[in-house]
Amino acid sequence: MRLRQRFLTGLVTLLPLLVTLYFLAWVYTYSGGYIQSFLRLLNLEVPRTYQPLLPFVGLFLAGVLIYLVGTVAENYLGRRLIGSLERSLLLFPIVRDIYKAVQQITHTLFGHQEVKFSRAAVIEYPRRGLYTLCFVVQPVDGRLPPLPEGYTAVLVPTSPVPASGMVILVPTEEVIPLEISVEDALKYVVSAGFLLPEKPSGSLTSLPQKAGPSA
């Protein structure tokens, strides 16, 4: 069991690094050839002396392209264009699932959250004695009649795509806040529980004690 846990922890630790290095190696390996092919279309030829520098030019152009896409995505027309492209991808079942999973994981790891949760918490779910991490969305405050006041909407996420979870209405007093950031809680969910937050310096909010049997 300990060997398996250490193996999985090492895998979770190395996987992001390996994926990043693979992407950089791919750009470095193939970008030189792409640049040369593009220049040939313009009847231009790179001197043999400068050809070893083309992969570095490719890495630079890839960084510029990512920056330009980010710039375009921040304005109205860019968002409309990207939204149209996303809707086209979501028409294909398998492509849709892969795209949504990668999009959610990317947003989580890089701190770009489409939904702003107020804080991380735990609730007793799916039964008493079992605790499940959740994100506090907002108090209901009697806005869902006939449900009375005193309830809070929380999102119970699933791994590794938190947004595929379910929204549950829980009595506010049963929501136990956690003294960790929303970002740390999201990383915990995305990593399937392997990336635990650092121990807080202060004491955690204590779990409610079960009342003993009455005499």
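**Exercise 1. A threonine pair**

In this predicted model, the side chain of T152 makes a polar contact of 2.9 Å with the side chain of T172. Work out where T152 sits, whether T152 is buried or exposed, and which residues T152 touches.

*Solution.*
- Start with the element: T152 belongs to strand β3, which covers residues 151–156.
- Next, check the cover. T152 has a relative accessibility of 5%, and the cut-off for buried is under 20%, so T152 counts as buried.
- Finally, list the neighbours, skipping residues up to four places away in sequence: T152 touches V136, Q138, P139, V140, I168, L169, V170, T172 and V175. T172, the polar partner from the task, is in that list.

**Exercise 2. The overall layout**

Describe the fold in terms of its elements, its burial and its contacts.

*Solution.*
- Count the elements: there are five helices and five strands.
- Put them in order from the N terminus, and you get α-α-α-α-β-β-β-β-β-α.
- Now burial: 22% of the 215 residues count as buried.
- For the surface, the protein exposes about 16,100 Å², with carbon and sulfur atoms supplying 66% of that area.
- For the contacts, take those with a separation of 6 or more; residues 24 or more positions apart account for 43% of them.

**Exercise 3. Nonpolar residues inside**

Which residues make up the largest nonpolar core, and which elements give two or more residues to this core?

*Solution.*
- The largest nonpolar core has twelve residues: F117, A120, V122, L133, F135, L155, I176, L178, V182, A185, L186 and V189.
- Sort them by element. Those giving two or more residues to this core are β1 (119–124), β2 (131–139) and α5 (182–190).
- α5 gives the most, with four residues.
- Zoom in on V189, a member of this core. Leaving aside neighbours within four places in sequence, V189 is in contact with L133, F135, P157, T158, S159, P160 and P162.
- Apart from this core lies another one, of nine residues, including V136, V154, I168 and V175. V136, I168 and V175 also turn up among the residues that T152 touches.

**Exercise 4. Nonpolar residues outside**

Find the nonpolar patch on the surface and say which helix gives the most to the patch.

*Solution.*
- The patch is formed by L14, L17, L18, L21, Y22, F23, L24, W26, Y30, Y34 and I66, which together have about 1,200 Å² of accessible area.
- Helix α1 (residues 2–41) gives the most, with ten residues.
- Try one member as a check. Y30 is in helix α1, and its relative accessible area is 43%. Patch residues need over 30%, so Y30 passes that accessibility test. Y30 still counts as partly exposed.

**Exercise 5. Following the charges**

How many salt bridges are there, and which residues do they join into one network?

*Solution.*
- The count comes to two salt bridges.
- In one of them, E124 pairs with R128, and the closest N and O atoms are 2.7 Å apart.
- R128 has a relative accessibility of 53% and counts as exposed.
- R128 also forms a salt bridge with E174, at 3.5 Å from N to O.
- This R128–E174 pair links distant parts of the chain, 46 residues apart: R128 is in the loop between β1 and β2, while E174 is in the loop between β4 (166–171) and β5 (176–177).
- E174 is partly exposed, at 33% relative accessibility.
- Put the shared partners together, and E124, R128 and E174 form one network.

**Exercise 6. Backbone oddities**

Where are the cis peptide bonds, and which residue has a positive phi although it is not a glycine?

*Solution.*
- Keep the background in mind: most residues other than glycine have a negative phi, and most peptide bonds are trans.
- Look at omega. Y125 and P126 are joined by a cis peptide bond with omega about 10°, and P126 lies in the loop between β1 and β2.
- The bond from P145 to P146 is cis as well, with omega near 5°; P146 is in the loop between β2 and β3.
- Then look at phi. N43 has a positive value of about 60° without being a glycine.
- N43 is in the loop between α1 and α2 (54–73), and at 73% relative accessibility N43 counts as exposed.

Technical notes
Residues numbered from 1 in each chain as written. Predicted model: local features only at pLDDT ≥ 70, side-chain atom pairs only at ≥ 80, totals over all residues. Heavy atoms only, no water. Patch = residues over 30% accessible without salt bridge, like charges linked within 9 Å, V, L, I, M, F, W, Y side chains within 5 Å. Areas by Shrake-Rupley, 256 points an atom, 1.4 Å probe, with all protein chains shown as cover. Salt bridge = Lys/Arg side-chain N within 4 Å of Asp/Glu carboxyl O. Buried < 20%, exposed > 50% of the residue type's maximum accessible area, 1.4 Å probe, protein only. Core = buried A, V, L, I, M, F, W, Y, C linked by side-chain atoms within 4.5 Å. Contact = heavy atoms within 4.5 Å. Polar contact = N/O pair within 3.5 Å; in protein donor to acceptor, adjacent residues only side chain to side chain.
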